[in-house]
Amino acid sequence: MTEIVKGGNLPVPGQVWRIAVVRRAAGDGVPEVDASALLLDASGRVRGDGDLVFYNQPAHASGSVRLLGQVRDEEQRVADWLEVDTERVEPAVQRIVITASSDDGTFGQVPGLHIRTISAATGEQLALYEVDDASTETAFVLGEFYRRDGAWKFRAVGQGYDSGLVGLAEDFGIEGRDPEPVPEDEHVPADEPTPADALPEAIPEELLAKVRAAEAEAAAPARAPVRIPAQGPGRVGPRSDIELFGEDFPEFVRSGKGTTTITVDVPIPAGYVLVDSTRKGDGYFGVNSLDEKDECAVLLANTTLEDHEGRGLLRHDGRNPLRLRVNAYGSEWTIAVRPVSTVEELGRDARGRGADVLLYTGPAAQLSSRLRTGFGHAYFHVQGDEPDGRDHLLANVASRIPRDARPLPEGPLLVQVRSAEGDWSLEVRPSRQSRFWRRASR
């Protein structure tokens with residue numbers, strides 16, 4: 001057996017290989033772990049949802065990849081076994097990635113994680129790769145089989161993700177979500193084990209058709225705006241969702257260059273306020289509100305992006321004039337203070353670049369957030385604010401591919417995209433996990 005390090009590779013003769021994803025058994029703070037495989041084409045993506053082999057789809061339709069089951073030993077170790085028959089892999093498949101994921105914790109809590117590759121015919125152990133740098137990841141690409149000059153090779157990858165199996169699979173093109181929610185009282189039969197000597201069967205066409213139909217589903221989530229009776233004299237009838245956050249006032253715009261302090265000289269009532277900022281050029285650019293002691297109160301812009309354009313949010317007390325500090329170090333900038341009535345709505349999804357604020361008025365759901373950036377690692381933060389000032393953390397991740405998925409409360413909610421050094425996307429999904437991903441039992 002050859003022990004290889006991250007990035008190392010070995011030739012793989014054409015035959016049947018068995019792969020063990022080994023780790024410490026769950027319990028005493030160690031989370032459950034699942035092994036899976038994705039079959040990728042020349043573009044590095046799946047051809048459809050059938051190219052994911054995992055606990056709900058234990059065999060590929062071609063018969064080339066399947067899950068064999070789980071084995072435990074007396075030393076509190078557990079291994080999920082997969083089988084790859086390189087002779088049966090379809091010509092369009094160029095890579096087969098072997099992954100591990102956890103819904104219950106991070107891989108920093110999983111001792112002894114490693115992957116073994118063994119010949120099914122002879123029992124010869126080809127390669128061993130041990131993961132020794134896991135921390136906050138909830139999914140890993142451990143290794144991969146790949147074609148090179150007409151032959152197969154195996155490589156140790158060790159790439160971690162903070163988005164679990166669902167996020168990892170979506171990065172490779174999986175769209176395995178049902179368009180309809182799963183009823184709470186629906187009975188789902190337990191998974192049947194797959195014997196090691198059983199011939200793999202084709203994935204049912206009904207399942208393939210259903211998961212692929214999700215991509216074409218165009219209907220947005222049902223809206224259920226909250227309406228609250230207005231308070232105070234002179235107001236009759238319900239207030240709109242956006243009016244719950246703040247009243248209108250005249251727009252304030254100021255342009256300048258370099259570092260300075262601005263006093264907003266228009267009357268601003270108590271409530272939420274938008275602060276838009278643009279800056280030409282590069283270098284650091286920051287905007288923050290000031291308190292009564294001239295100290296930073298709310299950070300509204302904080303970026304090194306070239307030709308920045310972004311939006312921040314603050315809650316104004318309505319008693320004192322709003323004061324802002326601009327740090328631009330010689331760059332030209334423009335600041336605009338606007339009422340929240342100018343905000344755009346977050347429907348089913350949204351895309352943007354840099355900081356922004358959107359209004360969500362739909363029912364409770366899941367918010368999937370992703371940041372694409374040119375940096376090696378980046379920090380991504382999304383926050384939701386209710387009219388009364390309560391806030392909800394909707395994304396908070398620092399990684400090579402910043403991505404997060406968290407519960408989105410029922411609207412109305414002002415969704416702040418903050419700390420976004422690059423292009424981002426938000427997607428609102430039904431709050432209940434889909435049938436495709438739903439596990440019947442462990």
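**Exercise 1. Which residue in β8 is the bridge partner of A35?**

Work through the neighbours of strand β8 in this predicted model.

*Solution.*
- Step 1. Start with strand β4, residues 34–40. Seven bridges join β4 to β8, and the two run antiparallel.
- Step 2. Pick out A35. Its bridge partner in β8 is A100.
- Step 3. Turn to strand β11, residues 139–148. β8 and β11 are also antiparallel, joined by seven bridges. Here R95 stands opposite Y146 in β11.
- Step 4. Check the cover. Strand β8 spans residues 95–101, and six of its seven residues are buried.

**Exercise 2. Describe helix α1 and what follows.**

How many residues of α1 are buried?

*Solution.*
- Step 1. Locate the helix: α1 covers residues 164–171.
- Step 2. Count the buried residues. Seven of the eight are buried, which leaves the helix mostly covered.
- Step 3. Name them: G164, L165, G167, L168, A169, E170 and D171.
- Step 4. Look past the end. G173 follows α1, and its phi is positive, near 105°.

**Exercise 3. Place P269 in its surroundings.**

Is P269 buried, partly exposed or exposed?

*Solution.*
- Step 1. Find the residue. P269 sits in the loop between β16 (260–263) and β17 (271–279).
- Step 2. Apply the cut-offs. Buried means under 20% relative accessible area, and exposed means over 50%. P269 has 26% relative accessibility, so it counts as partly exposed.
- Step 3. List the contacts. Leaving aside residues up to four places away in sequence, P269 touches E247, D248, F249, H316 and G318.
- Step 4. Compare sequence and space. G246 is 23 residues from P269 in sequence, yet their C-alpha atoms are 7.4 Å apart.

**Exercise 4. Trace three salt bridges.**

How many salt bridges does the count come to?

*Solution.*
- Step 1. Take the total: 21 salt bridges.
- Step 2. Examine E90 and R47. Their closest N and O atoms are 2.8 Å apart. E90 lies in the loop between β7 (77–85) and β8, and R47 in the loop between β4 and β5 (52–53), so the pair ties together parts 43 residues apart in sequence. E90 is partly exposed because its relative accessibility is 28%. R47 is partly exposed too, at 40%.
- Step 3. Move to D276 and R311. Their side chains meet in a salt bridge, 2.6 Å from N to O. D276 belongs to strand β17 and R311 to strand β20 (residues 309–316), and the pair links distant parts of the chain, 35 residues apart. Both residues are buried.
- Step 4. Widen the view. D276 and R311 join E251 and R338 in a network of salt bridges.
- Step 5. Finish with D317 and R319. The closest N and O atoms of this salt bridge are 3.5 Å apart. D317 has 33% relative accessibility, so it counts as partly exposed. R319 is exposed, with a relative accessible area of 66%.

**Exercise 5. Summarise the whole chain.**

How many helices and strands does the protein chain have?

*Solution.*
- Step 1. Count the elements: two helices and 31 strands.
- Step 2. Note the buried share. Of the 442 residues, 48% are buried.
- Step 3. Consider contacts with a separation of 6 or more. Residues 24 or more positions apart account for 74% of them.
- Step 4. Add the surface. The accessible surface comes to about 21,100 Å². Carbon and sulfur atoms hold 48% of that surface.

Definitions and conventions: Residues numbered from 1 in each chain as written. Predicted model: local features only at pLDDT ≥ 70, side-chain atom pairs only at ≥ 80, totals over all residues. Heavy atoms only, no water. Buried < 20%, exposed > 50% of the residue type's maximum accessible area, 1.4 Å probe, protein only. Helix = DSSP H or I, 4+ residues; strand = E, 2+ residues; numbered from the N terminus. Pairing = 2+ DSSP bridges. Contact = heavy atoms within 4.5 Å. Areas by Shrake-Rupley, 256 points an atom, 1.4 Å probe, with all protein chains shown as cover. Salt bridge = Lys/Arg side-chain N within 4 Å of Asp/Glu carboxyl O.
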